[in-house]
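Q: Please take a close look at one part of this assembly, the contact between two of its chains. I would like a connected account that begins with how the copies are related and then follows the residues involved.

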Amino acid sequence: MTETVKKSILVFQTDFTFKEGAVASMYGVVKSVDHNLEIITATHEIPQFDTWSASFRLNQYMKFWPKGTVFVSVVDPGVGTHRRASVALTKSGYYIVTPDNGSLTHISKTEKISAIREIDEKVNRLKGMGTERTSIFHGRDLFAYCAAKLASGKITFEEVGPEYPVKAIVTHPISKPEISGKKVKGIFEIKDPNFGNVWTNIPLSMFTEAGFKYGDYLQVKIFNNDKLIFSEKVLFHKSFGFAEKGEPIIYNNEQMNIGLAVSMGSFSSRYNIDYGNNWNVEVTK
Amino acid sequence: MTETVKKSILVFQTDFTFKEGAVASMYGVVKSVDHNLEIITATHEIPQFDTWSASFRLNQYMKFWPKGTVFVSVVDPGVGTHRRASVALTKSGYYIVTPDNGSLTHISKTEKISAIREIDEKVNRLKGMGTERTSIFHGRDLFAYCAAKLASGKITFEEVGPEYPVKAIVTHPISKPEISGKKVKGIFEIKDPNFGNVWTNIPLSMFTEAGFKYGDYLQVKIFNNDKLIFSEKVLFHKSFGFAEKGEPIIYNNEQMNIGLAVSMGSFSSRYNIDYGNNWNVEVTK
Amino acid sequence: MTETVKKSILVFQTDFTFKEGAVASMYGVVKSVDHNLEIITATHEIPQFDTWSASFRLNQYMKFWPKGTVFVSVVDPGVGTHRRASVALTKSGYYIVTPDNGSLTHISKTEKISAIREIDEKVNRLKGMGTERTSIFHGRDLFAYCAAKLASGKITFEEVGPEYPVKAIVTHPISKPEISGKKVKGIFEIKDPNFGNVWTNIPLSMFTEAGFKYGDYLQVKIFNNDKLIFSEKVLFHKSFGFAEKGEPIIYNNEQMNIGLAVSMGSFSSRYNIDYGNNWNVEVTK
C-alpha cells in the first residue's frame, strides 16, 4: 500500500450560489494550480454581502476539520475597492483566505488568529487569460489562486505577502450575553434559513447557572430594538421532538448555545424574527 | 503506476440544504476521521422531514454506485428522541447509515437488507469539542462520524453496535399498483420539484400487459383521495419531445415506471398534483 | 513520494438541480466505471431547457481548467428525440460531452472545436439495471457513462463513435457588438440570477476605442425589441463599490466585457431586464 502525500484540503464558502459560472471558474483555477488538490464546497449560499454570516459560519464548522485545512471565504461587497485581501493563520493551525472585512470576527474570538498577511497581488494573483484588467472577481483571480498555491505548498504562509498586526483585523461589534440572578439576556446571532431555527449567543452554561432545567417552561421575550415581538412561555428541552408538532421549543444547540425552534416548523418565519445586535432575547422562569 | 488503496466512497443525502453550516460540519468530521475519504453530495435538498422522499431517493440512485459505497441519509425529524440510529447492510453490499424512521422503506423491498445494527453511541459518537451535551445534530456527531469510521475501515460492520431483526425496521406503507384487464391503477410515489414531473408506482410492464403502446392516447384520471383532479386523454410516448410544447405526456421513466410530464413545462404545478398513498392514478384506453 | 496517475477530471453542468436523484445517479455511474475518477459540480442550476445559458457558462469557466478536463453538459430538452449526443474536442485540448443542441455555440467561436463525434449508443451506453428501455435520461445512460469511459482512458476519443463535420454543429445565432464613432451597441448576453448583474457582449476594448474612461457618466439605453426600457446616465467604473449603495454602475466584467449592476442590489430585478438577441444596449457619452 502506498499512501499519497496529504495535501491540505480547500474548503470554500461564498455568497455566489451555483446559479452562474463563478464557482466553476474558481475551482478550475485551483485545479490548474495543482491537479491533486481536493476542493470541498462548504456553502455558496451565504446571504448576499453578509460578512457577519460569513464570519459565523466559518466559526461554526472550522474546528471539525483537520488542522492545516485552507478555508476560502469570499463574501466581498467591497471587491476592487480599498479593503485588504488577506490570509489569516489561526492559533489552532487553520488558514483562512478572505477579504478582511468582518469575516474574521468570530474566529478572532474563539480559535484566535496568530498572524495575518495581505496577499501580494504582484506574485499571488492569477496571470494571463485576460484577467489582469478586471477588478471584480478576486474570488477567482486572487483568493482561489493564492489559496491553491498555499495548499499545494507552492508558497509558504510567509510568501503570501506582508504581515500586518492582528489587532488591525476588521471585526463587527457583537453584544455579549448577560446573566443577572434568574434572568438571562442575549441576542439572536444567526438563523438557519432552511429550518427557520434562530440561535442566540447565550451559552447553555448561563441557563444552568440560572437554574433552568430540561422540562421547564421558560418565559421568553424577544425585542427588535425596543419593540416587543414575542412573549410566551416556551418548553426548554433537549430536542425538537419533545415539543408538540407546531409548538415552539427552546433548546441547547450544536454549539452549546441556546436556540429557538418550532417543532416541524419555522420559528423565524412564524414570528418574523431576524438576527443581529438589535434582536434581543430575555429569558426568565 | 501505483494505485492508491480504494476506500469506500461516502455519499450524503439530507434535508439540511447548504444554507447553513451543518453540511460543512459533517464533512469536516469525515475528513478528520480519515483525510483520504472521498465525500460525494447526493443531495441536501430532500423536502424537510420527508422520510418517504429520503427512502425513494436512496432507492433511485443506489444501484448505480460501486458495491461497498457507504450512504449517509439524514432526514431526521425525531433526532434526540427515541428512534434508532442505525447502519443497514444490503444484500447487494451497500451500507446505509441513517435514522431508522422510514428511510429504509424502498430499499427493504428492492435491494433487500441482510442485516441492521444500532449505532453504539458509547464508541461510535464524536467525542470532544463540546459536542457531548447536544442532542440535536446526530448528522454530525453520530451518522457522519460512524460512517467515516466504517468507510475507512477503522471499524467493521459488526463493531457498529448491536444487531436487531431486519423485520423490526420501520417502513412506510406503500399502496401496490394493480391491473385488471385494460385498466391500470397506481399512486403518485414522488415528484421532481425541479421539472415538475410526477412518477407513479406503475411499472412499464403493466402498460405492456394492458396493451398500451407508444403513440396511444390514454385516458388518465387522477384522484386526491376520492376527488377527481384531472381527467384527460394523454399521449403515451417515449420522451417529452414527442408531445407539443406545453402538452402533457405519459411516459416510461428512468426506473421503468410510468410518469406524467408537461413538455417544457411542469405537470405538478399546472395541475396542482402531489404524491403519496392518497394520490391515485387510473389509466385506460 | 509517489504521485498517483492523473486522470482527467469530470466537470458537470446541468439544469437538473439537486432536488431529485438524477445527479446522484449520474455520479454513481461515473464511479462505477472508474472508482478513481474525480467529479466536480460546476452547476446543476442552469435555467431549465436553456441551451444558450449552457453554452455561455461552458465558455465562461472552461479555460480556467487543466487541459484534458472532460466537461459534461446536459441541458437536453430534446432527449430521446432526434438530436445528436456528441463529444467535442476543442483546439485547446478539452472534451465536451453534450447533446449537440446549441450548447456548443460560444465554445465554437472562442476555443474552437477541432473535431466532434456522435456517441455510438451500441458500445458507449450503460447496460443492465433495466436502463435499456428508457429514453429520458441520457444524462445518466449516455453522457455520464461515455464521459467516464473517456476520462478514465477506457476508450479513446476515436472510440466515442463516428466523426461528423464541425460545420454541422448546431449553434444559436448571436448578434455582434458594433462601434460607430462614440456610440457602442450590443446585446445582453446573460444575467447572473443571483446578484442580478447583466452582461453585454460588448468588449472593454470597444469602450476604450470610444474613449470611455473610468469615472465617466455614460448614457445607457436599453431596448427590449424596439421598446425603450431604461435610459439613464450611469457611472462607468472598475468595481461595484465605486457607486453609492443602490446606484447603478457600468463596469468591466471578469470576461473583459461590459456589465451593468446595482451596487449591493440587483440590476435585472429593479429594471426588469433579461437577456438574448432582443435585449439591446446602446452606450454614448
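A: In this predicted model, chain C is superposed on chain A by a rotation of 120° with 0.0 Å of shift along the axis, at an RMSD of 0.0 Å. The two copies are thus related as by a three-fold rotation axis. They meet through different surfaces, since 5% of the contact residues of chain C recur in chain A.

The extent of this interface can be stated in residues and in area. On one side 40 residues of chain C take part, and they are in contact with 38 residues of chain A. Between the two chains about 3600 Å² is buried, and carbon and sulfur atoms give 61% of that area. F64(C), F195(C) and E254(C) supply 20% of the area that chain C buries against chain A, more than any other three residues.

The polar side of the interface comprises 3 salt bridges between chain C and chain A. One salt bridge pairs K31(A) with E38(C), whose closest N and O atoms are 2.7 Å apart. Between the same chains, 14 residue pairs are in polar contact, with both residues at pLDDT 80 or more. On the side of chain C that touches chain A, the elements giving two or more residues are β2, α2 (51–61), α6 (204–210) and β13 (248–252) of chain C. Of these, β2(C) gives the most, with 4 residues.

A closer view of the contact is offered by Q48(A), which is found in the loop between β2 (39–43) and α2 (51–61) of chain A. Leaving aside residues up to four places away in sequence, Q48(A) touches D15(A), N194(C) and F195(C). F195(C) has already appeared as one of the three residues that together supply 20% of the area chain C buries against chain A. The side chain of Q48(A) also reaches the backbone oxygen of N194(C), at 2.8 Å. Q48(A) nevertheless counts as partly exposed, as its relative accessible area is 33%. Within its own chain, the C-alpha atom of Q48(A) is separated by 34 Å from that of F242(A), which is 194 residues apart along the chain.

The same loop of chain A also takes part in a link to chain B. There E45(A) forms a salt bridge with K19(B), the closest N and O atoms being 3.0 Å apart. E45(A) lies in the loop between β2 and α2 of chain A, and K19(B) in the loop between β1 (10–14) and α1 (22–33) of chain B, so the pair joins two chains. Both partners are partly exposed: E45(A) has a relative accessible area of 27%, and K19(B) one of 33%.

Chain C in turn packs against chain B by way of helix α1. This helix covers residues 22–33 of chain C, has 12 residues and reaches 17 Å from its first C-alpha to its last, close to the 16 Å expected at 1.5 Å a residue. α1(C) is mostly covered, with 11 of its 12 residues buried. Among the buried residues are M26(C), Y27(C), K31(C) and V33(C). In chain B the buried residues of α1(C) pack against β2 (39–43) and α2 (51–61), while in chain C they pack against β1 (10–14), β2 (39–43) and α5 (138–152).

Salt bridges also occur within single chains, and the structure holds 36 over all chains. In chain A, the side chains of E118(A) and R84(A) meet in one such bridge, at 3.4 Å from N to O. This pair links distant parts of the chain, 34 residues apart: E118(A) belongs to strand β6 (residues 113–118) of chain A, and R84(A) to the loop between β3 (70–74) and β4 (85–90) of chain A. E118(A) counts as partly exposed at 28% relative accessibility, and R84(A) does as well at 29%. In chain C, the side chains of D141(C) and R140(C) meet in a salt bridge at 2.6 Å, N to O, and both residues are buried. In chain A, salt bridges that share partners join E121(A), R125(A), R140(A) and D141(A) into one network.

The setting for these contacts is a chain A with 7 helices and 15 strands. Its C-alpha trace spans about 60 × 50 × 35 Å along the principal axes. Of the 285 residues of chain A, 63% count as buried.

Conventions
Residues numbered from 1 in each chain as written. Chains lettered and ligands numbered in written order. Predicted model: local features only at pLDDT ≥ 70, side-chain atom pairs only at ≥ 80, totals over all residues. Heavy atoms only, no water. Least-squares fit on C-alpha atoms with pLDDT ≥ 70 in both. Contact = heavy atoms within 4.5 Å. Expected span 1.5 Å × (residues − 1). Buried < 20%, exposed > 50% of the residue type's maximum accessible area, 1.4 Å probe, protein only. Polar contact = N/O pair within 3.5 Å; in protein donor to acceptor, adjacent residues only side chain to side chain. Buried area = accessible area lost by both parts, 1.4 Å probe. Salt bridge = Lys/Arg side-chain N within 4 Å of Asp/Glu carboxyl O.
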